[in-house]
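Reader: Could you take me through the reading of pockets and helix contacts in a model?

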Amino acid sequence: MSEVDEVDRIVGAWNTQRPDLDFSPLEVLSRVDRLTRLLDRARRDVFRRSELEPWEWDVLSALRRAGTPFQLSPKQLLQQTLVSSGTMTNRIDRLVGRRFVRRVADPDDGRSVLVTLTDDGRIRVDAAITRLVDVEADLLRGLSRSDRDRLASLLRRLSLSFDV
């Protein structure tokens, strides 16, 4: 191995101090943790440049991914963003205030509403996803396409092992 990173140094020091333990999990998950923090900073910068908060991105991107007419019920938004109903109500209110979404009556249930992405919201989320894809591609520039595909497959398998 010609290149050594901080995780190699940490694991090496632990191996010296505790040779009785298998530190291979740290070799994987410490790197995932460090990459998560780097990715979080990069994403926050992208959202800041798009004048969005990360939570705004979560809601707007869920609506954008829904496809035309870019609307979901508050319950569907809850399921996709994993926040409480009170938090979602507050978020929708704030996004309405910024004119990124609007509430419309559900034509199938007059007692319910749908949250609909406005043109301003769509423009904002489209700009953010374009920046995000560019930044994340740059973060992965050190890997070939086949390495990226393999890594994605391995991470998917690991992720699925947590979904019970």
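**Pockets and a helix crossing**

Author: Let us start with empty space, in what is a predicted model. The largest pocket has a volume of about 1000 Å³, and of the 21 residues that line the largest pocket, L35, L140, L143, L151 and L155 are the closest to its centre.

Reader: How is such a space found, and which elements give two or more residues to the lining of the largest pocket?

Author: In general, rolling a probe the size of a water molecule over the atoms shows where empty space is left. Here, helix 2 (24-49), helix 6 and helix 7 (145-162) each give two or more residues to the lining of the largest pocket, and the largest share, nine residues, comes from helix 2. By class, this lining has 13 nonpolar, two polar and six charged residues.

Reader: What lines the second largest pocket?

Author: The second largest pocket, which holds about 170 Å³ of space, is lined by T36, L39, D40, R43, F47, P54, W57, D58 and L132. Helix 2 gives the most to this lining, with five residues, and the residues divide into five nonpolar, one polar and three charged.

Reader: At roughly what angle do the axes of helix 3 and helix 6 cross?

Author: The axes of helix 3 (residues 54-65) and helix 6 (residues 119-139) come within 10 Å and cross at roughly 100 degrees. Angles of 65 to 115 degrees count as roughly perpendicular, and helix 3 and helix 6 are therefore roughly perpendicular to each other. W57, L60, S61 and R64 of helix 3 make the contact with R122, V125, D126, A128, I129 and L132 of helix 6, and by class this contact has six nonpolar, one polar and three charged residues.

Terms used:
Residues numbered from 1 in each chain as written. Predicted model: local features only at pLDDT ≥ 70, side-chain atom pairs only at ≥ 80, totals over all residues. Heavy atoms only, no water. Axes fitted to C-alpha atoms, helices over the stretch in contact; angles between N-to-C directions. Helix = DSSP H or I, 4+ residues; strand = E, 2+ residues; numbered from the N terminus. Parallel < 35°, antiparallel > 145°, perpendicular 65-115°, else oblique. Contact = heavy atoms within 4.5 Å. Nonpolar A, V, L, I, M, F, W, Y, C, P; charged D, E, K, R; others polar. 1 Å grid on protein atoms, 1.4 Å probe; cavity = no way out; pocket = protein on both sides within 12 Å on 5 of 7 lines; lining within 4 Å. Points joined across faces, edges and corners; volume = space filled by probe spheres on them.
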